[in-house]
Amino acid sequence: DDDDGGSEDCSFLTTKQGILFELCRNYCKVLAAVEDDTNEEIRSFTIQGLIWIVQAMKHNPSLCQSVDEDTTSRENSKGPILYVMKRLSQIARDAGKIRRESVFSFFTSLCTVEPSIIK
């Protein structure tokens, strides 16, 4: 019973269907929060987390969807990432310079780290 985080134990990320979508939704809520309720460190961490989540969504679309959804369709596999893009675009429309800068920072980082997502 080795507790070193080895491959014998499943991660919560792979055992719960739709977990990436839930994480993404929660990170988006942080960026949409009132600007006075967050700071630069929280926003930076949130952007980094969203970048990781979008990459995971791209490579593991089945972790974004519930059991009853068709995971074989190419259209469905783009759905979660499209949700992130649309949601962040909505967040950027709300008033607040810092909020917009955070969303643009996410898009810039995503284009740099994973340019194939925007194709």
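A salt bridge is here a side-chain nitrogen of Lys or Arg within 4 Å of a carboxyl oxygen of Asp or Glu. In this predicted model, Glu 101 and Lys 97 satisfy that criterion, with their closest N and O atoms 3.7 Å apart. The report describes the overall fold, then the salt bridges, and then the cavity.

**Overall architecture**

The protein chain contains five helices and zero strands, and from the N terminus on its elements follow the order α-α-α-α-α. The chain has 119 residues, of which 33% count as buried. Among contacts between residues at least 6 apart in sequence, 64% join residues at least 24 apart. The accessible surface of the chain comes to about 7700 Å², and carbon and sulfur atoms account for 51% of that surface.

**Salt bridges**

By the criterion given at the outset, the count comes to three salt bridges. They are listed below with their N to O distances.

| Salt bridge | N to O distance |
|---|---|
| Arg 43 and Glu 40 | 3.7 Å |
| Lys 58 and Glu 114 | 2.9 Å |
| Glu 101 and Lys 97 | 3.7 Å |

The bridge between Lys 58 and Glu 114 has an N to O distance of 2.9 Å. This pair links distant parts of the chain: Lys 58 belongs to helix 3, whereas Glu 114 lies in the segment after helix 5 (97–113), and the two are 56 residues apart. Lys 58 counts as partly exposed, at 31% relative accessibility. Glu 114 counts as buried because its relative accessibility is 11%, and the limit for burial is under 20%.

The bridge between Arg 43 and Glu 40 is formed inside helix 3 (residues 40–59), where the two residues are three apart, about one turn of the helix. Their exposure falls into opposite classes: Arg 43 is buried at 10% relative accessibility, while Glu 40 is exposed at 55%.

Why are Glu 101 and Lys 97 separated by about one helical turn? The separation follows because these residues are four apart in helix 5. Glu 101 counts as partly exposed, with a relative accessibility of 43%. Lys 97 has a relative accessible area of 60% and is therefore exposed, the threshold being over 50%.

**Cavity and the surroundings of Arg 43**

Rolling a probe the size of a water molecule over the atoms shows where empty space is left. In this model the count comes to one cavity of 30 Å³ or more, and about 40 Å³ of space lies in the largest cavity. Which residues line the largest cavity? The lining consists of Val 30, Leu 31, Ala 33, Glu 35, Thr 38, Arg 43 and Arg 99. By class, these lining residues divide into three nonpolar, one polar and three charged.

Arg 43 thus appears both in the cavity lining and in the salt bridge with Glu 40. Arg 43 is located in helix 3, and its relative accessible area of 10% is the reason why it counts as buried. Leaving aside residues up to four places away in sequence, Arg 43 touches Leu 31, Glu 35, Thr 38, Ile 98 and Ser 102. Among these neighbours, Leu 31, Glu 35 and Thr 38 also belong to the lining of the largest cavity.

Key:
Residues are numbered from 1 along each chain as its sequence is written. This is a predicted model: local features need pLDDT of at least 70, side-chain atom pairs count only at pLDDT 80 or more; totals for chains, interfaces and linings use all residues. Side-chain values use heavy atoms; hydrogens and water are left out. Buried means under 20% relative accessible area, exposed over 50%, partly exposed in between (1.4 Å probe, protein chains only). Contact means heavy atoms within 4.5 Å. Accessible areas come from the Shrake-Rupley method with a 1.4 Å probe; for residues, only the protein chains shown count as cover. On a 1 Å grid over the protein atoms alone, a cavity is a set of points where a 1.4 Å probe fits but cannot get out, and a pocket is an open set with protein on both sides within 12 Å along at least five of seven lines; lining residues have an atom within 4 Å of a point. Grid points are joined across faces, edges and corners, and a volume is the space filled by probe spheres set on the points. Ala, Val, Leu, Ile, Met, Phe, Trp, Tyr, Cys and Pro count as nonpolar, Asp, Glu, Lys and Arg as charged, and the others, Gly among them, as polar.
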